[in-house]
Amino acid sequence: MSLLELQNNHSSLAPAPLVDLAGVRMVYPKGDNTELVVLDNVSLTIREGEIVGLLGRSGSGKSTLLRVLSGLVPATSGSVRWRDAPVSGPCEGMSMVFQSFALFPWLTVLENVEIGLEALGVPAAERRRRAIEAIDLIGLDGFESAYPKELSGGMRQRVGFARALVVHPRLMLMDEPFSALDVLTAETLRTDLIDLWIEGRLPIKSILMVTHNIEEAVLMCDRILIFSSNPGRVAAEIKIELPHPRDRDDLAFRQLVDDIYARMTQRTPAEKAEKRAVDGLPGTGINMVLPHISTNLMSGLMEELATPAYGGKADLPELAATLQMEVDELFPIAETLQLLRFAEMAEGDVQLTDAGRQFVDSDIDTRKQQFAEHLATYVPLAAMIRRVLDERPSHRAPFTRFSEELEDHMSVADAEATLRAAISWGRYAELFGYDEQAGEFNLENPA
Ligand code: ADP
Ligand code: MG
(Lines give C-alpha, C1' and ligand atoms only; values in the text may rest on other atoms or scores of the structure.)
(Ligands and ions follow the chains in the order given, each with its own letter.)
Protein backbone atom coordinates (compact mmCIF):
# COMPACT_ATOMS: atom_id res chain seq x y z
CA MET A 1 0.00 0.00 0.00
CA SER A 2 1.41 3.39 -0.97
CA LEU A 3 1.79 6.27 1.41
CA LEU A 4 -1.08 8.13 -0.22
CA GLU A 5 -3.32 5.11 0.11
CA LEU A 6 -2.43 4.91 3.75
CA GLN A 7 -3.37 8.55 4.16
CA ASN A 8 -6.80 7.91 2.79
CA ASN A 9 -7.37 4.61 4.50
CA HIS A 10 -7.79 5.16 8.16
CA SER A 11 -9.39 1.92 9.19
CA SER A 12 -6.24 1.09 11.14
CA LEU A 13 -5.54 4.60 12.44
CA ALA A 14 -7.59 6.73 14.80
CA PRO A 15 -8.98 9.46 12.54
CA ALA A 16 -8.05 12.89 13.84
CA PRO A 17 -10.68 15.62 13.78
CA LEU A 18 -9.90 18.29 11.21
CA VAL A 19 -12.86 20.56 11.76
CA ASP A 20 -14.88 20.82 14.90
CA LEU A 21 -17.86 23.14 15.22
CA ALA A 22 -19.86 23.39 18.42
CA GLY A 23 -22.94 25.50 18.99
CA VAL A 24 -22.24 27.81 16.07
CA ARG A 25 -24.67 30.63 15.58
CA MET A 26 -24.61 33.13 12.74
CA VAL A 27 -26.83 36.16 12.74
CA TYR A 28 -26.99 38.94 10.17
CA PRO A 29 -28.31 42.31 11.25
CA LYS A 30 -31.19 43.68 9.22
CA GLY A 31 -32.03 47.30 8.54
CA ASP A 32 -34.69 47.68 11.19
CA ASN A 33 -32.66 46.52 14.21
CA THR A 34 -33.98 42.98 13.88
CA GLU A 35 -31.79 40.01 13.08
CA LEU A 36 -31.74 37.23 10.56
CA VAL A 37 -30.67 34.00 12.24
CA VAL A 38 -28.99 32.01 9.48
CA LEU A 39 -27.24 29.32 11.55
CA ASP A 40 -28.43 28.18 14.93
CA ASN A 41 -26.58 25.79 17.18
CA VAL A 42 -24.66 24.02 14.43
CA SER A 43 -22.31 21.32 15.66
CA LEU A 44 -20.31 19.00 13.45
CA THR A 45 -16.99 17.25 13.21
CA ILE A 46 -15.08 16.35 10.06
CA ARG A 47 -12.40 13.74 10.42
CA GLU A 48 -9.52 12.68 8.24
CA GLY A 49 -10.25 10.20 5.50
CA GLU A 50 -13.90 10.92 4.87
CA ILE A 51 -16.16 12.61 2.38
CA VAL A 52 -18.92 14.40 4.22
CA GLY A 53 -21.98 15.80 2.50
CA LEU A 54 -23.94 18.74 3.78
CA LEU A 55 -27.35 18.34 2.20
CA GLY A 56 -29.84 21.15 2.38
CA ARG A 57 -32.24 23.30 0.46
CA SER A 58 -31.18 26.53 -1.13
CA GLY A 59 -31.13 29.38 1.34
CA SER A 60 -30.65 27.06 4.31
CA GLY A 61 -27.26 28.57 5.15
CA LYS A 62 -24.86 26.03 3.62
CA SER A 63 -22.57 28.57 1.94
CA THR A 64 -22.61 30.65 5.10
CA LEU A 65 -21.52 27.61 7.06
CA LEU A 66 -18.62 27.01 4.66
CA ARG A 67 -17.52 30.63 5.07
CA VAL A 68 -17.63 30.36 8.85
CA LEU A 69 -15.89 27.01 8.87
CA SER A 70 -13.02 28.24 6.67
CA GLY A 71 -12.52 31.39 8.71
CA LEU A 72 -13.65 33.79 5.99
CA VAL A 73 -16.26 35.28 8.30
CA PRO A 74 -16.44 34.99 12.08
CA ALA A 75 -19.38 33.21 13.66
CA THR A 76 -21.61 35.32 15.88
CA SER A 77 -21.03 32.80 18.66
CA GLY A 78 -19.95 29.23 19.21
CA SER A 79 -16.72 27.38 18.75
CA VAL A 80 -15.00 26.84 15.39
CA ARG A 81 -11.85 24.77 15.55
CA TRP A 82 -9.44 23.68 12.82
CA ARG A 83 -6.95 20.99 13.68
CA ASP A 84 -7.48 21.58 17.37
CA ALA A 85 -6.97 25.33 17.36
CA PRO A 86 -9.59 28.06 17.38
CA VAL A 87 -10.22 29.67 13.99
CA SER A 88 -9.67 33.41 13.89
CA GLY A 89 -9.09 34.12 10.19
CA PRO A 90 -8.74 32.31 6.86
CA CYS A 91 -7.45 28.81 7.57
CA GLU A 92 -4.39 27.39 5.90
CA GLY A 93 -4.87 23.87 4.67
CA MET A 94 -8.35 24.27 3.22
CA SER A 95 -9.36 25.17 -0.28
CA MET A 96 -12.68 25.70 -1.95
CA VAL A 97 -14.32 24.67 -5.21
CA PHE A 98 -17.18 26.97 -6.20
CA GLN A 99 -20.36 26.29 -8.15
CA SER A 100 -19.54 29.23 -10.42
CA PHE A 101 -15.95 27.98 -11.06
CA ALA A 102 -14.67 31.49 -10.15
CA LEU A 103 -11.82 31.47 -12.69
CA PHE A 104 -9.95 34.56 -13.87
CA PRO A 105 -10.93 34.94 -17.53
CA TRP A 106 -7.70 36.77 -18.43
CA LEU A 107 -5.47 33.98 -17.12
CA THR A 108 -4.67 30.67 -18.82
CA VAL A 109 -5.51 27.33 -17.24
CA LEU A 110 -1.96 27.03 -15.96
CA GLU A 111 -1.97 30.54 -14.52
CA ASN A 112 -5.37 30.04 -12.94
CA VAL A 113 -4.08 26.92 -11.19
CA GLU A 114 -0.75 28.48 -10.15
CA ILE A 115 -2.40 31.45 -8.54
CA GLY A 116 -3.33 29.55 -5.40
CA LEU A 117 0.35 28.85 -4.75
CA GLU A 118 1.48 32.42 -5.28
CA ALA A 119 -0.35 33.51 -2.15
CA LEU A 120 1.51 30.81 -0.23
CA GLY A 121 4.87 32.16 -1.42
CA VAL A 122 5.86 29.01 -3.33
CA PRO A 123 8.80 29.73 -5.70
CA ALA A 124 7.99 30.00 -9.43
CA ALA A 125 9.58 26.75 -10.61
CA GLU A 126 7.87 24.78 -7.85
CA ARG A 127 4.55 26.48 -8.65
CA ARG A 128 4.80 25.42 -12.26
CA ARG A 129 5.70 21.85 -11.41
CA ARG A 130 2.84 21.46 -8.97
CA ALA A 131 0.31 23.16 -11.23
CA ILE A 132 1.17 20.83 -14.09
CA GLU A 133 0.87 17.87 -11.74
CA ALA A 134 -2.62 18.98 -10.61
CA ILE A 135 -3.68 19.66 -14.20
CA ASP A 136 -2.59 16.18 -15.28
CA LEU A 137 -4.27 14.55 -12.32
CA ILE A 138 -7.65 16.11 -13.05
CA GLY A 139 -7.54 15.28 -16.76
CA LEU A 140 -6.68 18.65 -18.29
CA ASP A 141 -3.37 17.61 -19.82
CA GLY A 142 -2.82 19.59 -23.04
CA PHE A 143 -5.04 22.52 -21.99
CA GLU A 144 -2.43 24.40 -19.96
CA SER A 145 -2.38 27.44 -22.21
CA ALA A 146 -6.10 27.60 -22.97
CA TYR A 147 -8.26 30.40 -21.57
CA PRO A 148 -11.43 29.64 -19.61
CA LYS A 149 -13.70 30.90 -22.39
CA GLU A 150 -12.24 28.28 -24.73
CA LEU A 151 -13.30 25.47 -22.40
CA SER A 152 -16.60 23.67 -21.82
CA GLY A 153 -18.29 24.00 -18.43
CA GLY A 154 -17.00 20.60 -17.35
CA MET A 155 -13.41 21.51 -18.28
CA ARG A 156 -13.72 24.82 -16.47
CA GLN A 157 -14.77 23.06 -13.30
CA ARG A 158 -11.80 20.73 -13.71
CA VAL A 159 -9.66 23.88 -13.57
CA GLY A 160 -11.56 24.79 -10.39
CA PHE A 161 -10.63 21.40 -8.92
CA ALA A 162 -6.99 21.67 -10.05
CA ARG A 163 -6.72 25.09 -8.41
CA ALA A 164 -8.10 23.73 -5.16
CA LEU A 165 -5.89 20.61 -5.26
CA VAL A 166 -2.63 22.32 -6.17
CA VAL A 167 -2.18 23.64 -2.64
CA HIS A 168 -2.47 20.08 -1.28
CA PRO A 169 -5.13 21.09 1.21
CA ARG A 170 -6.01 18.81 4.08
CA LEU A 171 -9.66 19.61 3.54
CA MET A 172 -11.26 20.41 0.22
CA LEU A 173 -14.54 22.30 0.51
CA MET A 174 -16.93 22.08 -2.41
CA ASP A 175 -19.93 24.38 -2.67
CA GLU A 176 -22.40 22.71 -5.07
CA PRO A 177 -19.54 22.02 -7.49
CA PHE A 178 -21.62 20.10 -10.03
CA SER A 179 -24.84 22.07 -10.08
CA ALA A 180 -23.88 24.43 -12.90
CA LEU A 181 -23.05 21.50 -15.20
CA ASP A 182 -25.29 19.47 -17.47
CA VAL A 183 -26.34 16.04 -16.24
CA LEU A 184 -23.80 13.94 -18.17
CA THR A 185 -20.85 16.24 -17.57
CA ALA A 186 -21.64 16.39 -13.88
CA GLU A 187 -21.79 12.60 -13.63
CA THR A 188 -18.47 12.15 -15.42
CA LEU A 189 -16.78 14.63 -13.13
CA ARG A 190 -18.28 13.05 -10.00
CA THR A 191 -17.10 9.61 -11.08
CA ASP A 192 -13.60 10.84 -11.96
CA LEU A 193 -13.29 12.54 -8.59
CA ILE A 194 -14.47 9.49 -6.64
CA ASP A 195 -12.12 7.24 -8.62
CA LEU A 196 -9.17 9.46 -7.76
CA TRP A 197 -10.26 9.53 -4.11
CA ILE A 198 -10.63 5.75 -3.90
CA GLU A 199 -7.24 5.25 -5.56
CA GLY A 200 -5.72 7.60 -2.98
CA ARG A 201 -4.42 9.92 -5.68
CA LEU A 202 -5.89 13.17 -4.38
CA PRO A 203 -3.41 15.17 -2.29
CA ILE A 204 -6.05 15.80 0.38
CA LYS A 205 -7.30 14.15 3.56
CA SER A 206 -11.01 14.92 3.50
CA ILE A 207 -13.78 16.49 1.50
CA LEU A 208 -16.77 18.47 2.70
CA MET A 209 -19.30 18.83 -0.08
CA VAL A 210 -22.33 21.06 0.04
CA THR A 211 -25.19 19.95 -2.18
CA HIS A 212 -28.94 20.13 -2.64
CA ASN A 213 -28.93 16.93 -4.67
CA ILE A 214 -29.85 13.85 -2.60
CA GLU A 215 -28.60 11.28 -5.09
CA GLU A 216 -25.31 13.09 -5.51
CA ALA A 217 -24.79 12.96 -1.76
CA VAL A 218 -25.61 9.24 -1.58
CA LEU A 219 -23.37 8.55 -4.57
CA MET A 220 -20.30 10.26 -3.17
CA CYS A 221 -20.34 10.62 0.59
CA ASP A 222 -19.37 8.47 3.55
CA ARG A 223 -21.61 10.51 5.79
CA ILE A 224 -24.44 12.92 5.05
CA LEU A 225 -25.48 15.73 7.35
CA ILE A 226 -29.02 16.82 6.63
CA PHE A 227 -29.20 20.52 7.04
CA SER A 228 -32.60 22.05 7.76
CA SER A 229 -33.57 25.65 7.14
CA ASN A 230 -34.82 28.63 9.06
CA PRO A 231 -32.47 28.74 10.83
CA GLY A 232 -29.91 26.27 9.49
CA ARG A 233 -29.25 23.32 11.78
CA VAL A 234 -27.87 19.82 11.37
CA ALA A 235 -31.12 17.88 11.69
CA ALA A 236 -29.82 14.37 11.06
CA GLU A 237 -26.78 12.37 10.14
CA ILE A 238 -26.77 9.37 7.84
CA LYS A 239 -23.84 7.03 7.27
CA ILE A 240 -23.48 5.62 3.78
CA GLU A 241 -21.67 2.34 3.94
CA LEU A 242 -22.19 1.20 0.35
CA PRO A 243 -18.95 0.24 -1.40
CA HIS A 244 -17.76 2.24 -4.42
CA PRO A 245 -18.52 2.31 -7.28
CA ARG A 246 -22.10 2.87 -6.20
CA ASP A 247 -25.02 2.00 -8.41
CA ARG A 248 -27.95 4.40 -8.45
CA ASP A 249 -30.31 1.53 -9.34
CA ASP A 250 -29.16 -0.67 -6.50
CA LEU A 251 -31.94 -1.42 -4.00
CA ALA A 252 -29.91 -0.29 -0.98
CA PHE A 253 -29.06 2.97 -2.79
CA ARG A 254 -32.75 3.62 -3.55
CA GLN A 255 -33.65 2.85 0.04
CA LEU A 256 -31.19 5.45 1.33
CA VAL A 257 -32.52 8.05 -1.09
CA ASP A 258 -36.05 7.24 0.12
CA ASP A 259 -35.01 7.57 3.77
CA ILE A 260 -33.46 10.95 3.14
CA TYR A 261 -36.55 12.20 1.31
CA ALA A 262 -38.62 11.08 4.28
CA ARG A 263 -36.40 12.97 6.68
CA MET A 264 -36.51 16.07 4.54
CA THR A 265 -40.32 16.07 4.51
CA GLN A 266 -40.53 15.72 8.27
CA ARG A 267 -41.79 18.81 9.99
CA THR A 268 -39.86 20.05 12.98
CA PRO A 269 -41.88 20.69 16.17
CA ALA A 270 -41.52 24.44 15.49
CA GLU A 271 -42.98 24.03 12.01
CA LYS A 272 -45.83 21.94 13.36
CA ALA A 273 -46.59 24.65 15.91
CA GLU A 274 -46.46 27.28 13.18
CA LYS A 275 -48.85 25.29 11.02
CA ARG A 276 -51.32 25.06 13.90
CA ALA A 277 -51.02 28.79 14.51
CA VAL A 278 -51.77 29.54 10.87
CA ASP A 279 -54.58 26.97 10.78
CA GLY A 280 -56.22 28.50 13.80
CA LEU A 281 -55.71 32.11 12.92
CA PRO A 282 -55.70 32.92 9.23
CA GLY A 283 -54.35 36.43 9.00
CA THR A 284 -51.05 35.91 10.80
CA GLY A 285 -47.81 35.00 9.14
CA ILE A 286 -47.23 37.96 6.87
CA ASN A 287 -43.51 37.33 7.38
CA MET A 288 -43.62 34.06 5.44
CA VAL A 289 -41.11 33.95 2.57
CA LEU A 290 -42.98 32.74 -0.50
CA PRO A 291 -41.24 30.73 -3.20
CA HIS A 292 -41.68 32.15 -6.68
CA ILE A 293 -43.49 29.14 -8.12
CA SER A 294 -45.72 29.69 -11.14
CA THR A 295 -49.34 28.58 -11.07
CA ASN A 296 -48.53 26.56 -14.21
CA LEU A 297 -46.03 24.47 -12.26
CA MET A 298 -48.53 24.06 -9.44
CA SER A 299 -51.37 22.89 -11.65
CA GLY A 300 -48.91 20.77 -13.65
CA LEU A 301 -47.82 18.92 -10.54
CA MET A 302 -51.41 18.48 -9.35
CA GLU A 303 -52.40 17.07 -12.73
CA GLU A 304 -49.46 14.69 -12.70
CA LEU A 305 -50.41 13.48 -9.21
CA ALA A 306 -54.01 12.92 -10.32
CA THR A 307 -53.02 10.66 -13.21
CA PRO A 308 -53.84 6.94 -12.77
CA ALA A 309 -50.10 6.27 -12.45
CA TYR A 310 -50.19 7.98 -9.08
CA GLY A 311 -53.84 8.09 -8.10
CA GLY A 312 -53.35 11.23 -6.05
CA LYS A 313 -50.28 10.16 -4.09
CA ALA A 314 -46.66 9.85 -5.16
CA ASP A 315 -43.41 8.80 -3.63
CA LEU A 316 -41.23 11.93 -3.92
CA PRO A 317 -38.03 10.22 -5.16
CA GLU A 318 -40.05 8.34 -7.78
CA LEU A 319 -41.83 11.50 -8.85
CA ALA A 320 -38.55 13.42 -9.02
CA ALA A 321 -37.04 10.69 -11.20
CA THR A 322 -40.07 10.62 -13.53
CA LEU A 323 -40.13 14.38 -13.91
CA GLN A 324 -36.31 14.58 -14.01
CA MET A 325 -36.33 17.15 -11.26
CA GLU A 326 -34.00 17.64 -8.37
CA VAL A 327 -35.15 17.98 -4.81
CA ASP A 328 -34.44 21.68 -4.99
CA GLU A 329 -36.91 22.08 -7.86
CA LEU A 330 -39.58 19.66 -6.73
CA PHE A 331 -39.74 20.54 -3.03
CA PRO A 332 -40.69 24.20 -3.41
CA ILE A 333 -43.59 23.28 -5.71
CA ALA A 334 -44.87 20.59 -3.36
CA GLU A 335 -44.42 22.93 -0.41
CA THR A 336 -46.38 25.66 -2.12
CA LEU A 337 -49.20 23.20 -2.79
CA GLN A 338 -49.02 22.27 0.88
CA LEU A 339 -49.13 25.90 1.94
CA LEU A 340 -52.23 26.37 -0.20
CA ARG A 341 -53.72 23.12 1.15
CA PHE A 342 -53.87 21.51 -2.27
CA ALA A 343 -51.44 18.80 -1.17
CA GLU A 344 -49.76 17.37 1.90
CA MET A 345 -46.22 16.07 2.27
CA ALA A 346 -45.42 13.33 4.74
CA GLU A 347 -42.91 10.51 5.04
CA GLY A 348 -41.41 11.13 1.64
CA ASP A 349 -44.77 11.18 -0.16
CA VAL A 350 -46.82 13.99 -1.60
CA GLN A 351 -50.57 13.54 -1.67
CA LEU A 352 -53.37 15.64 -3.15
CA THR A 353 -55.94 16.89 -0.66
CA ASP A 354 -59.66 16.81 -1.52
CA ALA A 355 -59.31 20.43 -2.62
CA GLY A 356 -56.40 19.44 -4.85
CA ARG A 357 -58.45 16.70 -6.51
CA GLN A 358 -61.33 19.09 -6.95
CA PHE A 359 -59.00 21.63 -8.56
CA VAL A 360 -57.76 19.10 -11.10
CA ASP A 361 -61.34 18.11 -12.03
CA SER A 362 -62.51 21.70 -12.51
CA ASP A 363 -62.68 23.97 -15.53
CA ILE A 364 -60.43 26.99 -15.73
CA ASP A 365 -62.83 29.51 -14.16
CA THR A 366 -63.70 27.25 -11.24
CA ARG A 367 -60.00 26.59 -10.74
CA LYS A 368 -59.27 30.30 -10.54
CA GLN A 369 -62.08 30.82 -8.06
CA GLN A 370 -60.91 27.99 -5.87
CA PHE A 371 -57.33 29.19 -6.08
CA ALA A 372 -58.43 32.69 -5.07
CA GLU A 373 -60.22 31.32 -2.00
CA HIS A 374 -57.21 29.32 -0.90
CA LEU A 375 -54.86 32.20 -1.62
CA ALA A 376 -56.87 34.64 0.47
CA THR A 377 -57.22 32.11 3.29
CA TYR A 378 -53.76 30.62 3.55
CA VAL A 379 -51.46 33.34 2.26
CA PRO A 380 -51.86 36.25 4.65
CA LEU A 381 -49.85 38.57 2.40
CA ALA A 382 -52.28 38.07 -0.50
CA ALA A 383 -55.21 38.72 1.82
CA MET A 384 -53.55 41.87 3.10
CA ILE A 385 -52.84 43.21 -0.40
CA ARG A 386 -56.47 42.68 -1.33
CA ARG A 387 -57.70 44.33 1.88
CA VAL A 388 -55.48 47.39 1.40
CA LEU A 389 -56.70 47.76 -2.19
CA ASP A 390 -60.34 47.40 -1.11
CA GLU A 391 -59.90 50.03 1.58
CA ARG A 392 -58.17 52.67 -0.52
CA PRO A 393 -60.52 54.95 -2.48
CA SER A 394 -58.17 54.75 -5.51
CA HIS A 395 -57.96 50.95 -5.18
CA ARG A 396 -54.25 51.27 -5.93
CA ALA A 397 -51.15 50.80 -3.84
CA PRO A 398 -47.48 51.01 -4.78
CA PHE A 399 -45.12 48.02 -4.61
CA THR A 400 -43.17 49.78 -1.86
CA ARG A 401 -46.27 49.85 0.36
CA PHE A 402 -45.76 46.11 0.85
CA SER A 403 -42.04 45.62 0.17
CA GLU A 404 -41.11 47.98 3.01
CA GLU A 405 -43.32 46.08 5.41
CA LEU A 406 -41.87 42.74 4.32
CA GLU A 407 -38.31 44.03 4.65
CA ASP A 408 -38.90 44.37 8.38
CA HIS A 409 -39.12 40.59 8.48
CA MET A 410 -36.84 39.33 5.71
CA SER A 411 -33.97 40.28 3.40
CA VAL A 412 -34.58 42.75 0.55
CA ALA A 413 -34.13 39.96 -2.00
CA ASP A 414 -36.58 37.66 -0.20
CA ALA A 415 -39.09 40.51 0.09
CA GLU A 416 -38.86 41.14 -3.65
CA ALA A 417 -39.23 37.44 -4.50
CA THR A 418 -42.12 37.05 -2.04
CA LEU A 419 -44.02 39.95 -3.57
CA ARG A 420 -43.30 38.66 -7.06
CA ALA A 421 -44.85 35.33 -6.05
CA ALA A 422 -47.87 37.11 -4.59
CA ILE A 423 -48.25 39.13 -7.80
CA SER A 424 -48.25 36.11 -10.09
CA TRP A 425 -50.61 34.11 -7.85
CA GLY A 426 -52.90 37.11 -7.31
CA ARG A 427 -53.12 37.71 -11.05
CA TYR A 428 -53.95 34.09 -11.80
CA ALA A 429 -56.60 34.08 -9.08
CA GLU A 430 -57.89 37.45 -10.26
CA LEU A 431 -57.65 38.57 -6.66
CA PHE A 432 -55.76 41.71 -7.67
CA GLY A 433 -53.75 43.06 -10.57
CA TYR A 434 -50.34 44.65 -10.89
CA ASP A 435 -49.24 47.37 -13.28
CA GLU A 436 -45.56 46.76 -14.03
CA GLN A 437 -44.97 50.17 -15.51
CA ALA A 438 -46.50 52.12 -12.67
CA GLY A 439 -45.21 49.65 -10.07
CA GLU A 440 -48.69 49.56 -8.57
CA PHE A 441 -51.13 46.99 -7.36
CA ASN A 442 -54.70 47.60 -8.49
CA LEU A 443 -58.14 46.09 -8.79
CA GLU A 444 -58.57 46.85 -12.48
CA ASN A 445 -58.68 43.85 -14.78
CA PRO A 446 -56.95 41.83 -12.17
CA ALA A 447 -56.61 39.07 -14.75
P1 ADP B 1 -27.38 28.35 0.86
O2 ADP B 1 -25.93 28.32 0.50
O3 ADP B 1 -27.82 27.16 1.66
O4 ADP B 1 -28.25 28.55 -0.34
P5 ADP B 1 -26.71 30.90 2.12
O6 ADP B 1 -25.73 30.55 3.17
O7 ADP B 1 -26.19 31.46 0.85
O8 ADP B 1 -27.63 29.61 1.83
O9 ADP B 1 -27.78 31.93 2.71
C10 ADP B 1 -28.56 31.65 3.87
C11 ADP B 1 -29.38 32.85 4.24
O12 ADP B 1 -28.54 33.90 4.69
C13 ADP B 1 -30.20 33.45 3.11
O14 ADP B 1 -31.45 33.84 3.62
C15 ADP B 1 -29.39 34.65 2.67
O16 ADP B 1 -30.24 35.63 2.14
C17 ADP B 1 -28.77 35.09 3.99
N18 ADP B 1 -27.46 35.74 3.82
C19 ADP B 1 -26.35 35.20 3.28
N20 ADP B 1 -25.31 36.07 3.32
C21 ADP B 1 -25.77 37.20 3.91
C22 ADP B 1 -25.19 38.47 4.25
N23 ADP B 1 -23.89 38.73 4.00
N24 ADP B 1 -25.99 39.39 4.84
C25 ADP B 1 -27.29 39.11 5.10
N26 ADP B 1 -27.89 37.95 4.83
C27 ADP B 1 -27.16 36.99 4.23
MG1 MG C 1 -25.04 28.31 -1.35
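At the start of helix α14 in this predicted model, a side-chain oxygen of Asp 363 comes to within 3.2 Å of the backbone nitrogen of Asp 365. The helix that begins here covers residues 364-378. Its length can be checked by simple reasoning: at 1.5 Å a residue, a helix of 15 residues should span 21 Å, and because the end C-alpha atoms of α14 are 21 Å apart, the expectation and the model agree.

One may next ask which residues of α14 are buried. They are Arg 367, Lys 368, Gln 370, Phe 371, Ala 372, His 374 and Leu 375. The elements that cover these buried residues include α10 (295-306), α13 (354-361), α15 (380-391) and α17 (412-429).

Arg 367, which lies in helix α14, deserves a closer reading. Its relative accessibility is 11%, and buried means under 20%, so Arg 367 counts as buried. The side chain of Arg 367 makes a polar contact, at 2.9 Å, with the side chain of Glu 303. When neighbours within four places in sequence are left aside, Arg 367 is in contact with Ser 299, Glu 303, Phe 359, Val 360, Ser 362 and Tyr 428.

From this single helix the description may now move to the chain as a whole. The domain assignment gives domain 1 (17-263) and domain 2 (285-442). Twelve residues from domain 1 and 17 residues from domain 2 take part in the contact between them. The C-alpha centres of the two domains lie 34 Å apart.

The size of an interface is often expressed as the accessible area that is lost when the parts come together. For domain 1 and domain 2, about 1200 Å² is buried between them, and 50% of this area is on carbon and sulfur atoms. Which three residues supply more than any other three of the area that domain 1 buries against domain 2? They are Arg 57, His 212 and Tyr 261, which together supply 51% of that area.

Side chains of opposite charge can pair when their charged atoms come close. Across the interface of domain 1 and domain 2, one salt bridge is found. The side chains of Arg 57 and Glu 335 meet in a salt bridge, with 2.9 Å from N to O. The count of residue pairs in polar contact between the two domains, with both residues at pLDDT 80 or more, is one. On the side of domain 1 that touches domain 2, helix α8 (residues 251-264) gives the most, with four residues.

Val 257 has its place in helix α8. Is Val 257 buried or exposed? Its relative accessibility is 0%, and therefore Val 257 counts as buried. Not counting residues up to four places away in sequence, Val 257 touches Ile 214, Glu 215, Val 218 and Pro 317. Val 257 and Pro 317 are 60 residues apart along the chain, yet their C-alpha atoms are separated by 7.2 Å.

Charged pairs also occur elsewhere in the model. How many salt bridges are counted in total? The count comes to 29. One of them joins Arg 129 and Glu 126, whose closest N and O atoms are 3.4 Å apart. Both residues lie in helix α4 (residues 124-137), three residues apart, which is about one turn of the helix. Arg 129 is partly exposed because its relative accessibility is 44%, and Glu 126 is likewise partly exposed, with a value of 29%.

Other salt bridges link distant parts of the chain. Glu 187 and Arg 248 meet through their side chains in a salt bridge of 2.8 Å, N to O. Glu 187 is in helix α6 (residues 183-198), whereas Arg 248 is in the loop between β10 (233-239) and α8, 61 residues apart. Glu 187 is partly exposed, with a relative accessible area of 23%, and Arg 248 is also partly exposed, at 23%.

A further salt bridge is formed by Lys 313 and Asp 349, with their closest N and O atoms 3.9 Å apart. This pair too links distant parts of the chain: Lys 313 is in strand β11 (residues 313-315) and Asp 349 in strand β13 (residues 349-352), 36 residues apart. Lys 313 is partly exposed at 41% relative accessible area, as is Asp 349 at 21%. Finally, salt bridges that share partners join Glu 187, Arg 190, Glu 215, Glu 216, Arg 248 and Arg 254 into one network.

Technical notes
Residues are numbered from 1 along each chain as its sequence is written. Chains are lettered from A and ligands numbered from 1 in the order in which they are written. This is a predicted model: local features need pLDDT of at least 70, side-chain atom pairs count only at pLDDT 80 or more; totals for chains, interfaces and linings use all residues. Side-chain values use heavy atoms; hydrogens and water are left out. Helices (H or I, at least four residues) and strands (E, at least two) are DSSP runs, numbered from the N terminus. The expected span of a helix is 1.5 Å times one less than its number of residues. Buried means under 20% relative accessible area, exposed over 50%, partly exposed in between (1.4 Å probe, protein chains only). Contact means heavy atoms within 4.5 Å. A polar contact is a pair of N or O atoms within 3.5 Å; within protein, one must be able to donate a hydrogen and the other to accept it, and residues adjacent in sequence count only if both atoms are side-chain atoms. Domain bounds come from an automatic or database domain assignment. Buried area is the accessible area (1.4 Å probe) that two parts lose on being put together, summed over both. A salt bridge is a side-chain nitrogen of Lys or Arg within 4 Å of a carboxyl oxygen of Asp or Glu.
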